[in-house]
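Below are my notes on the model you sent, arranged as numbered points that move from the overall fold to single residues. Please read them with the structure open beside you.

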Amino acid sequence: MMPNMKYFELQMTMIEDESFDDTFTTLDLPELLSFAIAGGNLTRVPMMFTAPNLKDIRFAYHPLDYITPLAFAELPNLES
């Protein structure tokens, strides 16, 4: 889909769990280094997309209360 994207940031989208699942979980982003999503209605950290080079991920301003088991399984180089 977007194989050369290196940075991705969403702000104040009010995204919800179902929308994230439908849109992001099946993506393959081999060059992505950083992913941030701020301002939404996510109640859980979802199963993440495939991004072998992702080093940084940030969820901010969401009412998170749960991390999906193996949510970060496809992110082998995640540092923070």
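1. Helices (H or I, at least four residues) and strands (E, at least two) are DSSP runs, numbered from the N terminus. This is a predicted model, in which local features need pLDDT of at least 70 and side-chain atom pairs count only at pLDDT 80 or more, while totals for chains, interfaces and linings use all residues. Residues are numbered from 1 along each chain as its sequence is written, and side-chain values use heavy atoms, with hydrogens and water left out.

2. On the overall fold, the protein contains one helix and five strands, and their order along the sequence is β-α-β-β-β-β. The radius of gyration of the protein is 12 Å, which agrees with the value near 12 Å that a compact globule of 80 residues would have; this radius is taken over C-alpha atoms, and the globule rule is 2.2 Å times the number of residues to the power 0.38. Along the principal axes, the C-alpha atoms fill a box of roughly 30 × 25 × 25 Å.

3. On burial and contacts, 38% of the 80 residues count as buried, where buried means under 20% relative accessible area, exposed over 50%, and partly exposed in between (1.4 Å probe, protein chains only). Of the contacts with a separation of 6 or more, 44% are made by residues 24 or more positions apart, a contact being heavy atoms within 4.5 Å.

4. On the surface and the charges, the protein exposes about 4,800 Å², of which carbon and sulfur atoms supply 55%; accessible areas come from the Shrake-Rupley method with a 1.4 Å probe, and for residues only the protein chains shown count as cover. There are 4 positive and 12 negative side chains, and the centres of the two sets lie 9 Å apart. Lys and Arg count as positive and Asp and Glu as negative, with His and the chain ends not counted, and the place of a charge is taken as NZ of Lys, CZ of Arg, CG of Asp or CD of Glu.

5. Strand S2 (residues 34-38) deserves a look, because five of its five residues are buried and the strand is therefore largely enclosed by the rest of the structure. In a regular strand the side chains alternate between the two faces of the sheet. In S2, Ser34, Ala36 and Ala38 point one way and Phe35 and Ile37 the other way, and all are buried. Strand S1 (residues 7-11) runs parallel to S2 and is joined to S2 by five bridges, pairing being assigned if DSSP finds at least two bridges between two strands. Within this pair, phenylalanine 8 stands opposite phenylalanine 35 of S2.

6. Two backbone angles should be checked. Most residues other than glycine have a negative phi, and most peptide bonds are trans. Methionine 14, which is not a glycine, nevertheless has a positive phi of about 60°; methionine 14 lies in the loop between S1 and helix H1 (17-23) and is partly exposed at 47% relative accessibility. Leucine 70, also not a glycine, has a positive phi of about 65°; leucine 70 belongs to the segment after strand S5 (66-67) and is exposed, with a relative accessible area of 64%.

7. Which residues of the loop between S4 and S5 can be examined against glycine 40? Tyrosine 61 is placed in the loop between strand S4 (56-60) and S5 and is exposed at 69% relative accessibility. The C-alpha atom of tyrosine 61 is separated by 6.5 Å from that of glycine 40, 21 residues apart along the chain, and, not counting residues up to four places away in sequence, tyrosine 61 touches Ala38, Gly39 and Gly40. Proline 63 is placed in the loop between S4 and S5 and is partly exposed, with a relative accessible area of 47%. Its C-alpha atom is separated by 8.0 Å from that of glycine 40, 23 residues apart along the chain, and, leaving aside neighbours within four places in sequence, proline 63 is in contact with Gly40, Asn41, Leu42 and Thr43.

8. Two further positions complete these notes. Threonine 68, in the segment after S5, is buried at 18% relative accessibility and, not counting residues up to four places away in sequence, touches Arg44, Val45, Pro46 and Met47. Asparagine 4, in the segment before S1, is exposed, with a relative accessible area of 64%; asparagine 4 and glutamate 31 are 27 residues apart in sequence and 5.6 Å apart in space, C-alpha to C-alpha.
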